[in-house]
Amino acid sequence: MRRFLILLVILLTPIAVFAAMVQADRTFGRPGRGYDYVVTVDLPRPGAAAALPKVLGPPDSSRPLVVIDPGHGGKDPGAGAGELKEKALTLSLAIALRDELLRQGGVRVALTRSDDTYLFLGERPEIARLLGADLYISIHADSTEGEGKALGATVYTLSAKGSNEAAEKIAARENAADVVNGVKIAGQSSDVSTALVDLAQRQSQTQSELFARLILREGLGRMPFKEADPQSAAFAVLKSPDVPSVLFESGYINNETDVARLTSGAGRQNFAEAVARAIRVFFARAAQG
Ligand code: ZN
């Protein structure tokens, strides 16, 4: 019996103390919520970019928004074994296109990166989606490692399964940016419900193909193309469910002719004018319905 009483005291003591604290707070504590201040912390949404890039152009959200993604960056140099790295080339082309679009006016523009920053592959289309982009172009340069001398630009859209083996090889190279020493780095935004993504992607796929064809049309005579038609492959940087998206391989970084063209002011301007025209025609058609 005595042991039972001791046990009871041990069990009830914390409850009694707590009840006394509550009573003391009611009697002596501050009115209202009883706190001097409340600290709230906005936790980032999983997969959301830490800070969204600045949108340039007219301060009018009804104007269409183009998001330009310069491939690679930071610890991921991309293709290129010599002095010239893909990450620098893609940034210079992206800036040329941005400046041309801003010069012509009428559209808003944002870059996924405007310096030598590393971004996860999944972050790139996520930035476009979060900004509410109407169009997205990811700029790259390829290299032919032991596959002979290839020359010219290629325009890609997303497909679940690549249209051909060569396209899949390029996609595999580009998708390797998140793999270091064979280990896949975490941090890619996980997809929303697959069914939803599939549906939205099918709808924007037609628009993506239209944009790809417009780049080929407007680029004719301004730059060489390796393939006369848009190609498709499973590129991670294109997995934006609701934004028409194109991946532009600007040329081959180990082809002297391509490098001379892409690093010259005239070559960059030709690229920027051709793609800017394709963008304007795309939006003009979209406005017509
Ligand atoms: Zn690339």
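**Notes on a predicted model: strands, cores and a few odd residues**

1. Start with β4, where both faces are covered: Thr154, Tyr156 and Leu158 sit on one side, Val155 and Thr157 on the other, and all are buried. That makes five of five residues buried for this strand, residues 154–158. Keep in mind as you read on that this is a predicted model.

2. Who are β4's partners? On one hand there is β8, running antiparallel to β4 and joined to it by three bridges; threonine 154 has glutamate 249 of β8 as its bridge partner. On the other there is β7 (residues 231–233), which pairs with β4 in the parallel sense, also over three bridges. In that pairing tyrosine 156 is matched with glutamine 231.

3. β3 gets similar treatment. Eight of its eight residues are buried, so the strand is largely enclosed by the rest of the structure. In a regular strand, side chains alternate between the two faces of the sheet. Here Leu135, Ile137, Ile139 and Ala141 point one way, while Tyr136, Ser138, His140 and Asp142 point the other way.

4. β3 also has pairing on record with two strands. With β1 the pairing is parallel, over five bridges, and with β8 (residues 245–252) it is parallel too, over six bridges. Serine 138 is a handy landmark: aspartate 69 stands opposite this β3 residue, and serine 138 in turn stands opposite leucine 247 in β8.

5. Aspartate 142 deserves a look of its own. This residue belongs to strand β3 and is buried, with a relative accessible area of 4%. What does aspartate 142 touch, leaving aside neighbours within four places in sequence? The contacts are Ala79, Ile170, Arg173, Glu249, Gly251, Tyr252 and Ile253. As for arginine 173, its C-alpha atom is 8.9 Å from that of aspartate 142, with the two positions 31 residues apart along the chain.

6. Helix α3 (residues 123–131) is another enclosed piece: seven of its nine residues are buried, so the rest of the structure largely encloses the helix. The buried set is Glu123, Arg124, Pro125, Glu126, Ile127, Ala128 and Leu131, so named charged side chains are not what you should skip over when you check burial here. The cover over these residues includes β1 (65–70), β2 (108–111) and β3 (135–142). Just after the helix, glycine 132 takes a positive phi of about 75°.

7. For α2, the length works out. At 1.5 Å a residue, its 19 residues should span 27 Å, and the end C-alpha atoms are 27 Å apart, which agrees. Its buried residues include Leu89, Leu93, Ala94, Leu97 and Leu101, along with Glu86, Lys87, Arg98 and Glu100. Glycine 105, just after α2, has a positive phi of about 75°.

8. Now the nonpolar packing. The largest core has 40 residues, and Ile68 and Leu97 have the most contacts inside it. At least two residues each come from β1, α2 (86–104), β2, β3, α5 (194–219), β8 and α7 (265–288). The largest share, 10 residues, is supplied by α7. Isoleucine 68, not counting residues up to four places away in sequence, touches a list that includes Ala94, Leu97, Leu101, Val109, Leu111, Ile137 and Ile139. There is also a second, separate core of 23 residues, with Leu131, Ala171, Ala233 and Val243 among them.

9. Which residue other than glycine has a positive phi near 65°? Histidine 72 does. Most residues other than glycine have a negative phi, hence the flag. Histidine 72 lies in the loop between β1 and α2 and is buried, with a relative accessible area of 5%.

10. Last, the rings. The count comes to five aromatic pairs. In one of them, phenylalanine 282 and phenylalanine 283 have ring centres 5.6 Å apart and planes at 70°, so the pair is edge-to-face. Both of these phenylalanines are buried, and together with Phe211 they form one aromatic cluster. Separately, lysine 75 lies over the face of tyrosine 118, at 4.5 Å from the ring centre.

Key: Residues are numbered from 1 along each chain as its sequence is written. This is a predicted model: local features need pLDDT of at least 70, side-chain atom pairs count only at pLDDT 80 or more; totals for chains, interfaces and linings use all residues. Side-chain values use heavy atoms; hydrogens and water are left out. Rings of Phe, Tyr and Trp (its six-membered ring) pair if their centres lie within 6.5 Å; planes under 30 degrees apart count as stacked, over 60 as edge-to-face and the rest as tilted. Buried means under 20% relative accessible area, exposed over 50%, partly exposed in between (1.4 Å probe, protein chains only). A charge sits over a ring if NZ of Lys or CZ of Arg is within 6 Å of the ring centre and within 35 degrees of the ring normal. Contact means heavy atoms within 4.5 Å. Two strands pair if DSSP finds at least two bridges between them. A nonpolar core is a set of buried Ala, Val, Leu, Ile, Met, Phe, Trp, Tyr and Cys residues joined through side-chain atoms within 4.5 Å. The expected span of a helix is 1.5 Å times one less than its number of residues.
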